[in-house]
2 protein chains.
Amino acid sequence: MILEIAQIDVTPGQEAAFETAVAQARPLFDGATGCHGISLHRSVEMPSRYRLFVKWDSVEAHNVAFRGSPAFAQWRGLVGGFFATAPVVEHVGQVL
Amino acid sequence: MILEIAQIDVTPGQEAAFETAVAQARPLFDGATGCHGISLHRSVEMPSRYRLFVKWDSVEAHNVAFRGSPAFAQWRGLVGGFFATAPVVEHVGQVL
């Protein structure tokens with residue numbers, strides 16, 4: 001299992017609307033092959049910064065299958081307008 | 001509940017020793033007031049980069065109580081020698 005960590009900076013003032021959009025987008029991840037769910041976390045120190053966690057079977061399930069699917073375009077359509085900058089995405093594997 | 005996310009870059013070649021040291025240090029967190037456990041995650045894209053997740057009752061439980069305790073000095077004593085740069089620490093609260 002791989003955890004995607006996406007750092008998303010939202011345009012200040014758009015935080016509530018962004019959170020609503022992510023909630024609306026949740027079924028896109030729940031229905032994606034190899035996806036095991038999302039959670040959204042807001043920074044204490046930088047309140048316009050979020051971390052989206054997405055559990056995947058593999059990096060390829062995210063980078064190839066999901067990003068090549070219509071669900072990815074729908075996801076970006078729902079939330080992309082709130083991005084202040086391009087998200088920074090990494091993948092990590094749990095070791096402990 | 002607050003999640004601390006610490007980005008830790010380890011000196012290349014020291015990854016296995018760092019992971020062993022974090023495993024040794026785990027009881028320091030398990031015994032800390034207001035701490036609900038740690039997990040360690042290694043970056044796929046940057047194999048010398050880790051993310052340490054620590055669950056706390058509050059930011060103060062981490063920044064004030066833990067950092068002011070002997071356990072923090074023990075933690076840094078165990079792992080600090082493996083750091084390539086100073087860790088970058090943030091706190092997030094789950095919103096979804």
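The following conversation concerns a predicted model of chains A and B.

Student: How many residues of chain B are in contact with chain A?

Tutor: In this predicted model, 26 residues of chain B are in contact with 26 residues of chain A.

Student: And what area do they bury between them?

Tutor: Chain B and chain A bury about 2,200 Å² between them, and 60% of that lies on carbon and sulfur atoms.

Student: Which three residues of chain B supply more of its buried area than any other three?

Tutor: They are Arg51(B), Val95(B) and Leu96(B), which supply 26% of the area that chain B buries against chain A.

Student: What does Arg51(B) meet in a salt bridge?

Tutor: The side chain of Arg51(B) meets that of Glu90(A), at 2.7 Å from N to O. The count of salt bridges between chain B and chain A is two.

Student: How many residue pairs are in polar contact across that interface?

Tutor: There are 12 such pairs, counting those with both residues at pLDDT 80 or more.

Student: Which elements of chain B each supply at least two residues of the side that touches chain A?

Tutor: Strand S1 (2-9), H1, strand S2 (35-43), strand S3 (49-56) and strand S4 (88-94) of chain B each do so. By class, that side of chain B has 13 nonpolar, six polar and seven charged residues.

Student: Turning to the helices, how do H1 and H3 of chain B pack?

Tutor: Helix H1 (residues 15-30) and helix H3 (residues 70-79) of chain B pack at an angle of about 170°, with their axes 9 Å apart. H1(B) is therefore roughly antiparallel to H3(B).

Student: Which residues meet there?

Tutor: From H1(B), Phe18(B), Ala21(B), Val22(B), Gln24(B), Ala25(B), Leu28(B) and Phe29(B) take part. Their partners in H3(B) are Ala71(B), Gln74(B), Trp75(B), Leu78(B) and Val79(B). This contact has 10 nonpolar, two polar and no charged residues.

Student: What about H1 and H3 in chain A?

Tutor: H1(A) and helix H3 (residues 70-79) of chain A pack at an angle of about 170°, and their axes are 9 Å apart. That makes H1(A) roughly antiparallel to H3(A). Among the residues that meet are Phe18(A) and Phe29(A) in H1(A), and Trp75(A) in H3(A). By class, the contact of H1(A) with H3(A) divides into 10 nonpolar, two polar and no charged residues.

Student: Back to salt bridges: how many does the structure hold over all chains?

Tutor: The structure holds six over all chains. One pair is Glu19(A) with Arg42(A), whose side chains meet at 3.7 Å, N to O.

Student: Where in chain A do Glu19(A) and Arg42(A) lie?

Tutor: Glu19(A) is in helix H1 (residues 15-30) and Arg42(A) in strand S2 (residues 35-43) of chain A. The pair links distant parts of the chain, 23 residues apart.

Methods
Residues are numbered from 1 along each chain as its sequence is written. Chains are lettered from A and ligands numbered from 1 in the order in which they are written. This is a predicted model: local features need pLDDT of at least 70, side-chain atom pairs count only at pLDDT 80 or more; totals for chains, interfaces and linings use all residues. Side-chain values use heavy atoms; hydrogens and water are left out. Axes are lines fitted to C-alpha atoms, for helices over the stretch in contact, and angles run from 0 to 180 degrees between N-to-C directions. Helices (H or I, at least four residues) and strands (E, at least two) are DSSP runs, numbered from the N terminus. Angles under 35 degrees count as roughly parallel, over 145 as roughly antiparallel, 65 to 115 as roughly perpendicular and the rest as oblique. Contact means heavy atoms within 4.5 Å. Ala, Val, Leu, Ile, Met, Phe, Trp, Tyr, Cys and Pro count as nonpolar, Asp, Glu, Lys and Arg as charged, and the others, Gly among them, as polar. Buried area is the accessible area (1.4 Å probe) that two parts lose on being put together, summed over both. A salt bridge is a side-chain nitrogen of Lys or Arg within 4 Å of a carboxyl oxygen of Asp or Glu. A polar contact is a pair of N or O atoms within 3.5 Å; within protein, one must be able to donate a hydrogen and the other to accept it, and residues adjacent in sequence count only if both atoms are side-chain atoms.
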